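Colleague: I am new to this structure and would like a close look at a single part of it. Please take one helix and then work outward to what surrounds it.

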Amino acid sequence: MSGKHMKVKTILVSQPEPKIENSPYFDLIDRQKVKIDFRPFIHVEGVSSKEVRTQKVDLSQCTAIILTSRNSVDHFFRIAEELRFKVPDTMKYFCLSEAVAFYLQKYVVYRKRKIYVGKRTFAELSPLIKKYKTESFLLPSSDKLGDTVPDILNGLGVNWKQATFYKTVVSDLSDLENVFYDILVFFSPSGIQSLLENFPNFKQNETRIAVFGNTTVQAAAQNGLRVDIQAPTPETPSMTMALEKYIKEVNGKK
């Protein structure tokens, strides 16, 4: 395999730099003596309240909000403010995870609101939604919403509406045109798309590509990219573990 036995010195991770000091990426830098740069290949931009109106969304008709991410929290309250809609105290919030529910405290007094929290996946949140079939649910989401969530909601037979409140946008990476890394790390098909939109003449050559998740693997393959490092696997459930395993193999470090 091309580049397979070349040592790894530099890595570009297509995400923002971790804000926590004990990030496994920083441990990886220390242990394997590699240089890791962080750069988001995609970013989120809010759509205007005018665009939301064209989707025929009437916030006053919603009695419950389904929040799947911090972005959905931020942009729901942003749109509500732009539309001068005072969110009633009776509004119910169905949060995908504890992290999303905790983030909701930025906007509401937690103990005074009706907040229902899933564990991690949307399938785990769905029984809670099913209990409240009489509610009118709004799902504020990005323009990249997949089929899973709509399929589950339709299966529950609840009254719900999806609206695009924010979009995933390709970041400008033109300053990286003449910068080369031994490994590029991707976490979503959108990241792969960003690489190829920014650099339509990209040639992989000796560059190793690391991907997280099956949909990212598929996106890489569909665009003719060779995947050298993949996570999660039973042996390497995290990207940093997969990177370290590979680096040890090619750099000969313990």
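Modeller: The buried residues of helix H8 pack against four elements: strand E9 (183-186), helix H7 (189-198), strand E10 (208-212) and strand E11 (229-231). This is a predicted model, and what follows was computed from it.

H8 itself covers residues 214-222, and its buried residues are Thr216, Val217, Ala219 and Ala220. They lie on the same side of H8, because the arc they cover around the axis is only 165°. In general, an α-helix has 3.6 residues a turn, so residues three or four places apart point the same way. The face of H8 turned away from the buried side carries Asn214, Ala221 and Gln222, which are exposed. Just after H8 comes Gly224, with a positive phi of about 75°.

Past that point is E11, one of the elements that the buried side of H8 packs against. The loop between E11 and helix H9 (239-251) holds Pro232. The peptide bond that leads from Ala231 to Pro232 is cis, and its omega is near -5°. As a general background, most residues other than glycine have a negative phi, and most peptide bonds are trans.

Two lysines have a positive phi without being glycine. Lys33, with phi near 55°, sits in the loop between helix H1 (24-32) and strand E2 (35-38). Its relative accessibility is 62%, so Lys33 counts as exposed. Lys56 also has a positive phi, of about 55°, and its place is the loop between helix H2 (49-54) and E4. Lys56 counts as exposed because its relative accessibility is 70%.

H8 also takes part in the largest pocket, which has a volume of about 1600 Å³. At least two residues of the lining come from each of strand E3 (42-46), H3, strand E7 (136-142), helix H6 (148-156), E8, H7 and H8. H7, which the buried residues of H8 pack against, gives the largest share of this lining, four residues. The lining has 40 residues, and those nearest the centre of the pocket are Ile42, Ser69, Thr168, Phe187 and Ser188. By class, 18 of the lining residues are nonpolar, 18 are polar and four are charged. The second largest pocket holds about 410 Å³ of space. Of its 19 lining residues, Glu177, Val179, Phe180, Phe199 and Phe202 are the closest to its centre. This lining divides into 12 nonpolar, five polar and two charged residues.

H3 and E8, which help to line the largest pocket, bring us to the nonpolar cores. The largest nonpolar core has 27 residues, and Leu59, Tyr93, Leu104, Leu138 and Phe165 touch the most other members. Two or more residues of this core come from each of strand E4 (64-67), helix H3 (70-82), strand E5 (92-95), helix H4 (98-103) and strand E8 (159-170). H3 gives the most, with five residues. A second, separate core has 20 residues, including Ile183, Val185, Leu243 and Ile247.

Phe165 is worth following in the view. Apart from neighbours within four places in sequence, Phe165 is in contact with Gly46, Val47, Val52, Leu59, His75, Phe76, Arg78, Ile79, Leu138, Pro140 and Ser141. Among these, Leu59 and Leu138 are also listed with Phe165 as residues that touch the most other members of the core.

Terms used: Residues are numbered from 1 along each chain as its sequence is written. This is a predicted model: local features need pLDDT of at least 70, side-chain atom pairs count only at pLDDT 80 or more; totals for chains, interfaces and linings use all residues. Side-chain values use heavy atoms; hydrogens and water are left out. A nonpolar core is a set of buried Ala, Val, Leu, Ile, Met, Phe, Trp, Tyr and Cys residues joined through side-chain atoms within 4.5 Å. Buried means under 20% relative accessible area, exposed over 50%, partly exposed in between (1.4 Å probe, protein chains only). Contact means heavy atoms within 4.5 Å. The arc is that of the directions from the helix axis to the C-beta atoms. On a 1 Å grid over the protein atoms alone, a cavity is a set of points where a 1.4 Å probe fits but cannot get out, and a pocket is an open set with protein on both sides within 12 Å along at least five of seven lines; lining residues have an atom within 4 Å of a point. Grid points are joined across faces, edges and corners, and a volume is the space filled by probe spheres set on the points. Ala, Val, Leu, Ile, Met, Phe, Trp, Tyr, Cys and Pro count as nonpolar, Asp, Glu, Lys and Arg as charged, and the others, Gly among them, as polar.
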